[in-house]
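Me: I have a structure open and would like to learn how to read a few of its features. Could you take me through them, one at a time?

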Amino acid sequence: MGAKIKPIRLVVQALSFASISGLLSAALSKAIAPIPVPLPILANPGGPSTLPGALEAIEALLSRAKAPLAAMAMVFIIGALAGRAFCGWVCPFGFIQDLLRLISRTRRRMAPMDHSFLSKLKYLILLASLFISASLALSYGFAWGESYRSALGPLASGPFSSISPAGIKPPELRQIASSASEGRLGEWAMGLSRATLAGLALLAIAVYGGLKVPRFWCRYLCPTGALMGLFGRVSFLGIGRRPARCDRCASCEAACPMQVPILSLPWQRFNHQDCIACLECSDACPHGAIGPKFS
Ligand code: SF4
Ligand code: SF4
């Protein structure tokens with residue numbers, strides 16, 4: 001049995017979280033994340049993040065009728081090499097979901113039908129946000145472009161970014177806590193924009209869901225995860241199982257936070273759209289039969 005991956009991953013995630021959320025000094029952040037390019041993670045510069053997520057950058061540029069070349073290049077290159085590995089190792093919101101799982105110690109598995117239905121929601125959110133952004137970019141070529149933009153209101157600057165739970169700033173969270181303790185939560189909420197309320201509602205769903213089901217937000221609702229999952233099936237990094245060692249005890253499936261049906265997938269190698277390359281399956285296997293496979 002080799003060394004466990006999980007403690008190493010938690011350290012990488014913590015460093016990434018501290019760097020991207022600006023908790024580290026500027027110099028240290030620069031040493032860890034030297035190039036401020038959009039990454040395929042949930043990160044909203046309107047919130048506490050120091051760099052934009054790739055989807056947020058794509059939306060912002062399309063809303064100004066500009067081609068999001070750098071963000072799309074990052075999505076293609078990282079997706080082709082590592083699929084959703086940034087979800088498992090780099091994304092600050094993914095790290096928060098993992099911390100919620102550590103706190104609640106939840107291992108709940110969803111019924112397969114519910115899991116399959118809910119898994120499609122993130123693709124709908126991705127499709128809707130890209131459709132609105134792309135149609136807005138195209139509309140500038142027509143006389144009704146400006147009226148379309150004003151009809152979209154706050155969604156015009158980025159349909160998902162404007163309601164993203166990653167856009168909620170720490171002072172807003174402190175306000176919630178103090179308003180709730182003073183019994184003025186309703187009064188305080190009345191003064192918020194609908195976009196901020198939607199972001200807070202999504203954050204509440206992500207936190208509550210994450211306490212009940214591992215990586216609830218990442219499995220079912222995150223459009224960035226959906227975007228990178230499209231590459232998950234063809235990425236260079238995959239997972240393989242050695243049949244000579246595997247006795248199909250299903251410890252790997254029980255440990256998988258994304259509920260990937262490992263034992264139903266080809267043993268030689270699989271690329272699954274929900275696999276975040278966290279390697280918890282590898283840690284859990286008592287026979288050392290499963291691990292990363294490159295090709
Ligand atoms: S699915 Fe979304 S929130 Fe989860 S780790 Fe990936 S980018 Fe981050
Ligand atoms: S299959 Fe393994 S590496 Fe992929 S998400 Fe599940 S536990 Fe993580």
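Reply: Gladly! Keep in mind that this is a predicted model. Let us start with alanine 250, which is partly exposed because its relative accessibility is 28%, a value between the 20% and 50% cut-offs. Alanine 250 sits in the loop between strand E1 (237–241) and helix H15 (251–255).

Me: What is the sign of phi in alanine 250?

Reply: First the general idea: most residues other than glycine have a negative phi. In alanine 250, phi is positive, near 75°. Alanine 277, also not a glycine, has a positive phi of about 55°.

Me: Where does alanine 277 lie, and is alanine 277 buried or exposed?

Reply: Look in the loop between H15 and helix H16 (280–284). Alanine 277 counts as buried because its relative accessibility is 11%, and buried means under 20%.

Me: Now a helix, please. How far apart are the end C-alpha atoms of helix H12?

Reply: Helix H12 covers residues 194–212, and its end C-alpha atoms are 27 Å apart. That agrees with expectation, because 19 residues at 1.5 Å a residue should span 27 Å.

Me: Which residues of H12 are buried, and what covers them?

Reply: Here the general idea is that an α-helix has 3.6 residues a turn, so residues three or four places apart point the same way. The buried residues of H12 are Ala195, Thr196, Gly199, Leu200, Leu202, Leu203, Ala206, Gly209 and Gly210. Their cover includes H6, helix H10 (170–181), helix H11 (185–190) and H13.

Me: Which residues come nearest to ligand 1?

Reply: There are 13 residues around ligand 1, and Arg84, Cys87, Cys91, Cys218 and Cys222 come nearest. Helix H6 (92–104), helix H13 (216–220) and helix H14 (223–232) each give two or more residues to this shell. By type, the shell holds eight nonpolar, three polar and two charged residues.

Me: One last case: how should I read a polar side chain such as serine 16, and is serine 16 buried or exposed?

Reply: Check its accessibility, then look for a polar partner. Serine 16, in helix H1 (residues 6–20), is buried because its relative accessible area is 8%. A polar atom of its side chain lies 2.5 Å from the backbone oxygen of valine 90.

Me: Which residues does serine 16 touch, leaving out those up to four places away in sequence?

Reply: Serine 16 touches Trp89 and Val90, and Val90 is the residue whose backbone oxygen we just met.

Technical notes: Residues are numbered from 1 along each chain as its sequence is written. Chains are lettered from A and ligands numbered from 1 in the order in which they are written. This is a predicted model: local features need pLDDT of at least 70, side-chain atom pairs count only at pLDDT 80 or more; totals for chains, interfaces and linings use all residues. Side-chain values use heavy atoms; hydrogens and water are left out. Helices (H or I, at least four residues) and strands (E, at least two) are DSSP runs, numbered from the N terminus. Buried means under 20% relative accessible area, exposed over 50%, partly exposed in between (1.4 Å probe, protein chains only). A polar contact is a pair of N or O atoms within 3.5 Å; within protein, one must be able to donate a hydrogen and the other to accept it, and residues adjacent in sequence count only if both atoms are side-chain atoms. Contact means heavy atoms within 4.5 Å. A residue is near a molecule or strand if one of its heavy atoms lies within 4 Å of it. Ala, Val, Leu, Ile, Met, Phe, Trp, Tyr, Cys and Pro count as nonpolar, Asp, Glu, Lys and Arg as charged, and the others, Gly among them, as polar. The expected span of a helix is 1.5 Å times one less than its number of residues.
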